[in-house]
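Here is a short briefing to read alongside the model. Keep the viewer open and follow the residue numbers as you go.

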Amino acid sequence: MGIGPCLQLKKFKRSIILVLTPILLLPLLIFPPPHLQTELACAYTILLMAIYWVSEVVPLAVTALLPLVFYPFLGVVTAKRTSIEYLKDVNVLFLGGLAVAVAVEHWNLHKRIALKVLTFVGAKPRWLLFGFMTTTAFLSMWISNVATTAMMIPIAQAVLEEMTTEPDIEQGGSSKSSSGGSTPPGDSNHKPIVRANSQPRPLTLENSRSDGDKVEFKPIQSSPGSNNYYTSVLQKDINKHSPTEELSNHLVAAVDDGPDASTTALIEEPGFTSTTFNTKLERERKKRNLCKALTICVCYSANIGGTATLTGTGPNLIMAGQFKTTYPHAPEIDFGSWAFFAFPGMVLYLMISWFWLQYLFLDINWSEIFPCFSRNKTKSTEELHAERMIRRQYDDLGVMSFAEKAVLFWFVLLALLWLTRDPGFVSGWGSIPIFKKGYVSDATVAMAITFILFVFPSKRPNFFCCRAKGDDSEPGPVPALLSWNVVQHKMAWNVILLLGGSFAMALGSKQSGLSQWIGQQMTPLREIDPILANFICCFIVCALTQCTSNTATATVFLPILAELGEVLGVNPLYLMLPSTVITSYAFMLPVSTPPNAIAYSYGHLTMMDMVKAGAFMNVVGIFIAMFSVSVFGGPAFGAFDPCPHWLHSQHCLAQSVANTTLTTVINSTMAS
């Protein structure tokens with residue numbers, strides 16, 4: 001009798017959290033000390049947003065609108081000042097970057113880039129792994145990690161079909177897997193992975209990650225005599241700008257450890273000797289591990305690659321915006337300086353993860369990693385089939401169209417303009433005398449390219465000298481590379497609101513004095529070594545981001561880390577930079593990120609596979625982030641200057657007074 005009501009209450013968990021949270025936090029508004037009334041009003045809003053973000057009782061973007069309601073009513077910040085935070089320069093930069101990413105996806109340029117890279121690396125398992133990881137990481141630097149994963153995983157599955165299906169060619173037949181290209185998740189020919197004697201387990205995975213993604217596994221009715229499967233439905237606004245709609249009909253079987261169906265078939269097949277059986281069993285084990293490696297490498301690479309650029313993932317932009325809000329006189333964090341800081345660490349982390357996944361699933365084989373030292377340069381039948389399949393998919397794309405060439409040109413130009421506007425070590429084009437100092441930003445460039453994409457033709461014009469040779473078609477208007485309908489359908493508008501909410505939170509914390517009050521409460525931590533404090537912060541953020549949204553984690557923790565940096569007497573960037581990167585290093589659970597959930601839904605991976613692989617990745621990620629800030633944080637942002645000109649902390653004021661006193665004493669001594 002006692003269990004029934006509890007189960008009923010569990011169904012209304014979201015509603016209970018939604019209603020009770022603001023009620024339980026009311027003492028902050030009803031009984032505040034007179035000198036902390038504004039600070040606690042701001043704390044009420046921030047705590048309410050944090051709980052709603054973590055529990056996801058309402059969409060993340062809707063929660064991000066709460067400062068527009070509570071700040072004016074509670075007298076924290078005016079409505080006019082709060083509204084400005086929702087369309088700052090960083091939001092416009094993100095909007096422009098997403099528009100270019102939409103153009104790349106719309107014209108299928110990202111798939112051409114991916115398949116072209118895979119044709120170069122070949123089909124040796126570990127080099128195929130390398131090709132998928134580098135391609136996914138590169139694409140994730142520019143477009144959504146969800147869109148990248150949703151595109152790359154079906155390609156990986158098609159390759160796995162060619163490499164793991166027993167071909168009938170040797171017996172004179174034709175292999176079923178070699179008759180076609182990739183099988184997208186929504187294809188009726190796509191077969192879920194089912195292991196023998198496994199019992200499907202109900203899964204409910206709900207979590208929002210960067211861009212407000214929500215993943216939910218729901219049981220569906222199977223056909224008579226078939227196994228019970230599960231369908232993974234990617235529910236979020238971002239599916240409007242990524243191909244994840246294909247995932248909605250992808251049938252997946254829950255997987256348990258144990259022998260798979262092919263192994264059971266081996267056991268039942270008569271005439272097997274012990275040696276033959278062991279050989280076949282080892283072959284099946286290698287095939288299963290290859291499936292795991294190629295599936296998990298895509299989601300890991302998508303998470304890692306997004307950290308390398310400022311527009312690659314939400315937490316990077318949140319950090320840049322909050323830093324500018326908190327320290328308005330500090331130099332801006334632009335695209336070039338962020339790439340200088342984060343890109344080397346991303347490459348190092350990607351290489352370490354490549355070796356780790358080899359060790360975990362493929363075994364380290366130095367003769368294959370360095371083929372120049374290998375005597376055996378022949379390729380197996382499966383590898384030849386996989387190479388032909390990749391080449392066939394690339395050939396199916398046809399000759400590169402005019403639109404693809406145009407999008408590639410504007411995409412490369414945008415990246416170059418971002419990187420060279422203000423590189424730091426030399427004067428960039430942004431310092432040319434024709435531009436007023438401080439007027440041009442990365443958002444200016446992004447909007448310029450976005451406008452061009454809306455007017456540049458998607459086909460070669462067919463009039464006057466622009467007409468192609470042999471083109472006899474009637475002159476007429478040519479559609480542009482982007483249309484508003486395409487952008488409206490695929491753009492992640494919710495992320496812009498999410499960024500605005502995080503910036504409004506930082507603004508309220510500063511103007512109300514809440515951040516200063518938090519800093520005073522952390523004064524006892526002043527004796528902690530900064531390196532140890534940095535490690536502890538990274539560890540806490542890494543642990544929380546495994547089960548909460550990385551954007552929410554960054555939004556809540558970055559203002560606290562800024563105050564902690566001032567208390568410790570270090571540059572706030574020393575703590576903020578690595579923790580920002582760490583929020584994207586969520587590898588242990590399917591619910592940690594949407595790419596993880598997409599990879600897990602294909603049925604090759606078990607929960608223990610992800611935990612075992614992800615635990616090591618998370619530990620290494622902490623040290624990679626600390627390495628990046630220690631080596632590149634200084635040259636890129638001056639992160640080791642404890643008292644830059646824009647920081648007015650108590651430590652810096654005391655240091656300034658001490659320096660002034662010392663200078664006065666020295667001058668007096670020399671004068672006497």
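A salt bridge is counted here when a side-chain nitrogen of Lys or Arg lies within 4 Å of a carboxyl oxygen of Asp or Glu. By that rule, arginine 421 and aspartate 442 form a salt bridge through their side chains, at 2.8 Å from N to O. Please bear in mind that this is a predicted model. The points below take in the salt bridges, the nonpolar cores, a long-range pairing and a surface patch.

**Salt bridges**

- A search of the whole structure turns up 8 salt bridges.
- In the pair introduced above, arginine 421 and aspartate 442 are both buried.
- Arginine 421 sits in the loop between α18 and α19 (442-455), while aspartate 442 belongs to helix α19, so their salt bridge ties together parts that are 21 residues apart in sequence.
- Arginine 421 and aspartate 442 also belong to a network with Glu332 and Asp334, joined by salt bridges that share partners.
- Another salt bridge brings together the side chains of glutamate 404 and arginine 112, with 2.7 Å from N to O.
- Because glutamate 404 is in helix α18 (residues 402-420) and arginine 112 is in helix α9 (residues 109-121), this pair ties together parts that are 292 residues apart in sequence.
- Buried or exposed: which are glutamate 404 and arginine 112? Glutamate 404 is buried, and arginine 112 is buried too.
- Arginine 391 and aspartate 395 meet in a salt bridge as well, at 3.9 Å from N to O.
- These two residues are 4 residues apart in helix α17 (residues 381-396), so about one helical turn separates arginine 391 from aspartate 395.
- Arginine 391 is partly exposed, its relative accessible area being 37%, and aspartate 395 is partly exposed at 46%.

**Nonpolar cores**

- In soluble globular proteins, nonpolar side chains tend to be buried together.
- The largest nonpolar core here has 138 residues, and the members that touch the most others are Leu129, Phe132, Val159, Ile333, Trp338, Phe341 and Leu357.
- Helix α15 (residues 335-362) contributes the most to this core, with 13 residues.
- A second, separate core holds 22 residues, including Ile46, Ala64, Tyr71 and Leu507.
- What does leucine 129 contact, leaving aside its neighbours within four places in sequence? Its partners are Ala293, Leu294, Cys297, Trp354, Leu357, Gln358 and Leu362.

**A pairing across the sequence**

- Alanine 504 is part of helix α21 (residues 493-511).
- Its relative accessible area is 0%, so alanine 504 counts as buried, the cut-off being under 20%.
- Alanine 504 and proline 67 are 437 residues apart along the chain, and 6.5 Å separates their C-alpha atoms.
- Beyond its neighbours within four places in sequence, alanine 504 is in contact with Pro67, Tyr71, Thr82, Glu85 and Tyr86.

**A nonpolar surface patch**

- Turning to the surface, a nonpolar patch covers about 1,100 Å², and its residues are Leu9, Phe12, Ile16, Leu18, Val19, Leu20, Ile23, Leu24, Leu26, Ile30 and Phe31.
- Helix α2 (residues 13-24) supplies the largest share of this patch, 6 residues.
- Leucine 24, one of the patch residues, lies in helix α2.
- Why does leucine 24 count as exposed? Its relative accessibility is 65%, and the cut-off for exposed is over 50%, so leucine 24 qualifies.

Technical notes. Residues are numbered from 1 along each chain as its sequence is written. This is a predicted model: local features need pLDDT of at least 70, side-chain atom pairs count only at pLDDT 80 or more; totals for chains, interfaces and linings use all residues. Side-chain values use heavy atoms; hydrogens and water are left out. Patches are made of residues with over 30% relative accessible area and no salt bridge: like charges are joined within 9 Å, nonpolar side chains (Val, Leu, Ile, Met, Phe, Trp, Tyr) within 5 Å. Accessible areas come from the Shrake-Rupley method with a 1.4 Å probe; for residues, only the protein chains shown count as cover. Buried means under 20% relative accessible area, exposed over 50%, partly exposed in between (1.4 Å probe, protein chains only). A nonpolar core is a set of buried Ala, Val, Leu, Ile, Met, Phe, Trp, Tyr and Cys residues joined through side-chain atoms within 4.5 Å. Contact means heavy atoms within 4.5 Å.
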